[in-house]
Amino acid sequence: MALIAYGRADAAAFEATRHLGDDALGAWRAAITRYIDPRPGTRLLDLGCGTATWSRAFRAWWPGAEVLAVEPSAAMRERAVLRPVLAGDAAGIPAGDASVDAVWLSTVIHHVADLPAAAREIRRVARPGAPVLIRSAFPGRHGGLTLCRYWPETITALNDHYPGVAAVEAAFAASGFATAGLERVAQVSAPSLREAAAGLRREAHTLLQLIGDDAYARGAERLRAAAATATGPVVDVLDLLVLR
């Protein structure tokens, strides 16, 4: 599970910058709860959890639920904000058959090299009817992404390296999943463009790592110039694809 290798530098950048505030988390909570209603004893799988910030949110939102956090990168696991985080990936999930009630993948699906194999493994661990909730950017649906506005080269990277909605649906359909929903979710990614520019770490963003150094430098300059006069929060729009 790695379009890029998450070593110590990447994990440090991710830990430092890839955190959503309460407003953004609230928007995602509202979207998620349209598909799941966790009760005491519900088991949620956070697959490719990174530093486990979503797992922490899930435990805060639904204290009676059990959250199984799984992450392939040792560097990410070392920096996790909660314990335990188990080693594993979409090809080998450390969970028993039919043992989880929902599966969450946040900005992970592009790291999965073999989507059909991942779908089979998720089918194995998911209970009948359990939803798979995929939070991601998808090719052709980049209009709400700040990165694509200031680094237009990331649009090509997105199209070339990320699976499309149809490709994900087809891979999961082969394992018996059907699409239950596809919606756009707007999130406040930063209080201001100035703060976003000040805290930018290239290593924290797959799309920025997939473009050349010159393209990155030009985009960083565009961002800094815009930040000098921009007002209001930075709002990004990502997709939530739900399969059952």
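# Notebook: salt bridges, cores and sheet

**Entry 1. Salt bridges.** I searched the whole structure and found 12 salt bridges. I note here that the model is a predicted one. As background, side chains of opposite charge can pair when their charged atoms come close.

I looked up Arg 124 and found a salt bridge to Glu 121, with 2.8 Å between the closest N and O atoms. Where do Arg 124 and Glu 121 lie with respect to each other in helix α5? They are 3 residues apart in that helix (residues 115-125), so about one helical turn separates them. This agrees with a general rule: an α-helix has 3.6 residues a turn, so residues three or four places apart point the same way. I then checked accessibility. Arg 124 is partly exposed, because its relative accessibility is 28%. Glu 121 has a relative accessible area of 14% and is buried, since buried means under 20%. I also recorded that Asp 97 joins Glu 121 and Arg 124 in a network of salt bridges.

**Entry 2. A pair distant in sequence.** I turned to Asp 239 and Arg 141, whose side chains form a salt bridge of 2.8 Å, N to O. Asp 239 belongs to strand β7 (residues 234-243), whereas Arg 141 sits in the loop between β5 (132-136) and α6 (146-150), so the pair ties together parts 98 residues apart in sequence. Is Asp 239 buried or exposed? Asp 239 is buried, at 0% relative accessibility. Its partner Arg 141 is partly exposed, at 26%.

I compared this with Glu 203 and Arg 201, which meet in a salt bridge of 3.9 Å, N to O. Glu 203 is partly exposed, with a relative accessible area of 31%. Arg 201 is also partly exposed, at 31%.

**Entry 3. Nonpolar cores.** In soluble globular proteins, nonpolar side chains tend to be buried together. I therefore asked how many residues the largest nonpolar core has. The count is 42 residues, and those with the most contacts inside this core are Phe 58, Leu 133, Trp 151 and Leu 240. Helix α11 (residues 213-227) gives the largest share of this core, 5 residues. A second, separate core has 30 residues, including Leu 47, Ile 93, Ile 109 and Leu 241.

I listed the contacts of Trp 151, leaving out residues up to four places away in sequence. Among them are Leu 200, Leu 208, Ile 211, Tyr 216 and Leu 223. Arg 222 also touches Trp 151.

**Entry 4. Helix α3.** I noted the buried residues of helix α3 (residues 53-61): Thr 53, Trp 54, Ser 55, Ala 57, Phe 58 and Trp 61. Against which elements do they pack? The buried residues of α3 pack against α2 (22-32), β1 (43-47), β2 (66-71), β4 (102-106) and β5. I also recorded that α3 lies across β1, β2, β4 and β5 and runs at about 180° to β2.

**Entry 5. The sheet.** I traced an open sheet of 7 strands with mixed pairing, in the order β3-β2-β1-β4-β5-β7-β6. Its edge strands are β3 (86-87) and β6 (179-190), each of which pairs on one side only. Strands β1 and β2 run parallel and are joined by 5 bridges. Leu 47 has Val 70 in β2 as its bridge partner, and Leu 47 is also one of the residues of the second core. Finally, I examined helix α8 (residues 165-173), which lies across β5, β6 and β7 and runs at about 25° to β7.

Technical notes:
Residues are numbered from 1 along each chain as its sequence is written. This is a predicted model: local features need pLDDT of at least 70, side-chain atom pairs count only at pLDDT 80 or more; totals for chains, interfaces and linings use all residues. Side-chain values use heavy atoms; hydrogens and water are left out. A salt bridge is a side-chain nitrogen of Lys or Arg within 4 Å of a carboxyl oxygen of Asp or Glu. Helices (H or I, at least four residues) and strands (E, at least two) are DSSP runs, numbered from the N terminus. Buried means under 20% relative accessible area, exposed over 50%, partly exposed in between (1.4 Å probe, protein chains only). A nonpolar core is a set of buried Ala, Val, Leu, Ile, Met, Phe, Trp, Tyr and Cys residues joined through side-chain atoms within 4.5 Å. Contact means heavy atoms within 4.5 Å. Two strands pair if DSSP finds at least two bridges between them. Axes are lines fitted to C-alpha atoms, for helices over the stretch in contact, and angles run from 0 to 180 degrees between N-to-C directions.
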